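Here's a quick walk through a model, starting with the overall layout and then zooming in on the ligands. Have the viewer open while you read.

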Amino acid sequence: MIRIAVQKSGRLSDKSLQLLKDCGIKFDNGTRKLSSKAKNFPIEILFLRDDDIPQYVAQGVADLGILGLNEVEEKDQKVDVIKQLGFAGCRLSLAVQKDVDYTGLEWFNGKRVASSYTTIVKKFFADKGINATTEEIGGSVEIAPGIGLAEGICDIVSTGSTLIMNGLKEVETVMYSEAVLIANPSLNDEKKELLDKLMFRMEAVQNAAKNKYILLNAPNDKIKEISDLLPGMKSPTVLPLAEEGWSSLHSVIEENDFWNVIDQLKDAGAQGILVSPIEKLIV
Ligand code: ATP
Ligand code: MG
């Protein structure tokens, strides 16, 4: 049995649970539950505050955890980051009041910076040789400059609209973050084996998400040219159509590659191009 900690309620919760479900793991998640054992995989899910996850994983109360890399760095516990999960992408940035004449990082010398991520901020300034102080606050960090608590802030930014609404401007990026899978560094063999199984499934889900199944019709004399445009897994499957001189090509393509080659495919004579999602992909 392996235990995984996920955020109880917040921005990471739905996607963390969806990832486990996409891995074929079935469990109940009644809103009041603190933990839930899966019905078809030896895993128990613990629902916790994301702030607490690094400590629980470091102590081995949970073996694995899903949370933002920013929170992992902030808590600075002994855990291994083993996989980037590709959701909850954001950055941790420094911002100042919008009318400040910001000249560069040295501006922060002698200034106070309010943040919920003071460990990260202190390390950032220490690395850059800047002598700023930090004010730790739990939330609503954006109001700190307006009420005179600090001259700058360091907070999570995704679009930047919250900063603008509060009369602030983003001036430096401290780190980029996304949801990650962390693990206790000394899992026993049984748990390592379960982790490998879980990772295998997560990779299949991630590969499926970025790839598409593509089907198209091509004149037989263009099969070579069109096949060369489709990076695919090995080479496309080619099946004859009922209509003489035509074939159907089937392959797998990354969504981005698809948009890059679509015009070339059409110019090469491809017709009836069908692109559909893939549920699982094992490469
Ligand atoms: P908890 O009550 O569990 O401590 P929280 O308020 O600390 O929750 P959330 O706001 O739910 O946390 O954010 C959780 C994580 O989601 C953050 O640590 C960060 O990694 C990511 N995140 C936060 N804000 C955004 C955003 N605007 N866009 C993308 N990801 C974000
Ligand atoms: Mg939190």
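How many Å apart do the C-alpha centres of domain 1 and domain 3 lie? The answer, for this predicted model, is 40 Å. For orientation, the protein chain splits into domain 1 (2–87 + 179–187), domain 2 (90–177) and domain 3 (210–277). Note that domain 1 is written as two stretches of sequence.

Now for the ligands. Ligand 1 takes up the space of the largest pocket. It has 15 residues around it, and the closest are Gln-7, Arg-11, Asp-50, Asp-51 and Asn-70. Some side chains make polar contacts with ligand 1, including these:

| Side chain | Atom of ligand 1 | Distance |
|---|---|---|
| Arg-49 | oxygen | 2.9 Å |
| Asp-50 | oxygen | 2.6 Å |
| Ser-158 | nitrogen | 3.0 Å |

On its own, ligand 1 has 630 Å² of accessible area, and the protein covers 77% of that.

Next up is the magnesium ion, ligand 2. Its protein donors are Asp-50 (OD) and Asp-51 (OD), sitting 2.0 to 2.1 Å from the ion. So Asp-50 turns up twice: as a donor to the magnesium ion, and with a polar side-chain atom 2.6 Å from an oxygen atom of ligand 1. Asp-51 is also a magnesium donor and is listed among the closest residues to ligand 1.

Are these two aspartates buried or exposed? Asp-50 counts as buried because its relative accessibility is 14%, under the 20% cut-off. Asp-51, at 23% relative accessible area, is partly exposed.

Notes. Residues numbered from 1 in each chain as written. Chains lettered and ligands numbered in written order. Predicted model: local features only at pLDDT ≥ 70, side-chain atom pairs only at ≥ 80, totals over all residues. Heavy atoms only, no water. Domains from an automatic or database assignment. Donors = N, O, S within 2.8 Å, 3.2 Å for Na, K, Ca; no water. Buried < 20%, exposed > 50% of the residue type's maximum accessible area, 1.4 Å probe, protein only. Near = heavy atom within 4 Å. Polar contact = N/O pair within 3.5 Å; in protein donor to acceptor, adjacent residues only side chain to side chain. Areas by Shrake-Rupley, 256 points an atom, 1.4 Å probe, with all protein chains shown as cover. 1 Å grid on protein atoms, 1.4 Å probe; cavity = no way out; pocket = protein on both sides within 12 Å on 5 of 7 lines; lining within 4 Å. Sits in = over half its atoms within 2 Å of the grid points.
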